[in-house]
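This report covers one helix and the empty spaces of a single protein model. The sequence and structure come first.

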Amino acid sequence: MRLVVVAVGRVRGALEPAVADYEARARRYWKLDVLEVEAGASGKNPGPERVRAAEAGRILPKVPAELELYALTREGRTLSSRALAKRLSGLALDSSPGAVFVLGGAFGLDHRVLRRSTDQLSLSAMTLPHELARLVLAEQLYRAGTIVRGEPYHKGA
């Protein structure tokens, strides 16, 4: 089953190797593609709405129509690691082609992305920098793969 992560912005700095490591680990379990789109909008001091709209214009063409879209947003539903694994396993059992996880930029996701989403999920009630959100998502995709296969990585309930 195919999983796609569409992320606004690149991971730089200290978290870059950790993100790359967990994305590589997740690829052991899922056909994982990671697509990055440019952050921001053109013009002098564009407001949050213009930035979200510009980013949506770059995000939506990257989302395959046949995949379920999960918008990652602070206001979304939280899932346990086991619940995420169960959801992904369920997609595979239903012969779904896969899912897309979208991580927005500094101002979040545009209403067009949210409307297109199958569900809105939250990685935390707290605001996370996009690099840290990307790390958490990559680790959870890896963890979900180990849970689905019954491997010993996941120790939680």
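Strands such as the one that leads the lining of the largest pocket are DSSP runs of E with at least two residues, numbered from the N terminus, and helices are runs of H or I with at least four. The model is a predicted one.

**Pockets and cavity**

The table lists the three spaces.

| Space | Volume | Lining by class |
|---|---|---|
| Largest pocket | about 410 Å³ | 10 nonpolar, 8 polar, 2 charged |
| Second largest pocket | about 200 Å³ | 8 nonpolar, 6 polar, no charged |
| Largest cavity | about 30 Å³ | 5 nonpolar, no polar, 2 charged |

Twenty residues, written 20 in the count, line the largest pocket, and Leu72, Thr73, Arg74, Gly105 and Leu128 lie nearest its centre. Two elements, β3 (68-78) and α5 (130-148), give two or more residues to this lining. The largest share is that of β3, with 4 residues.

The second largest pocket has a lining of 14 residues. Nearest its centre are Leu79, Leu84, Ser122, Leu123 and Gln140. At least two lining residues come from each of β3, α3 (81-93), β5 (119-122) and α5. Here α5 gives the most, with 3 residues. Both β3 and α5 thus appear in the lining of the largest pocket and in that of the second largest pocket.

The structure has 1 cavity of 30 Å³ or more. Its lining consists of Val5, Glu23, Leu32, Arg134, Leu137, Ala138 and Leu141. The largest share of the cavity lining, 4 residues, belongs to α5.

**Helix α2**

Does the span of α2 agree or disagree with the value expected at 1.5 Å a residue? Helix α2 covers residues 48-59, and its 12 residues should span 16 Å; the end C-alpha atoms are 16 Å apart, so the two agree.

Which residues of α2 are buried? They are Val51, Glu55, Ala56 and Ile59, where buried means under 20% relative accessible area. These four lie on the same side of α2, because the arc they cover around the axis is only 135°. An α-helix has 3.6 residues a turn, so residues three or four places apart point the same way.

What do the buried residues of α2 pack against? Their partners are the strands β1 (2-8), β2 (31-37) and β4 (98-103), together with helix α4 (111-116).

Technical notes
Residues are numbered from 1 along each chain as its sequence is written. This is a predicted model: local features need pLDDT of at least 70, side-chain atom pairs count only at pLDDT 80 or more; totals for chains, interfaces and linings use all residues. Side-chain values use heavy atoms; hydrogens and water are left out. The expected span of a helix is 1.5 Å times one less than its number of residues. Buried means under 20% relative accessible area, exposed over 50%, partly exposed in between (1.4 Å probe, protein chains only). The arc is that of the directions from the helix axis to the C-beta atoms. Contact means heavy atoms within 4.5 Å. On a 1 Å grid over the protein atoms alone, a cavity is a set of points where a 1.4 Å probe fits but cannot get out, and a pocket is an open set with protein on both sides within 12 Å along at least five of seven lines; lining residues have an atom within 4 Å of a point. Grid points are joined across faces, edges and corners, and a volume is the space filled by probe spheres set on the points. Ala, Val, Leu, Ile, Met, Phe, Trp, Tyr, Cys and Pro count as nonpolar, Asp, Glu, Lys and Arg as charged, and the others, Gly among them, as polar.
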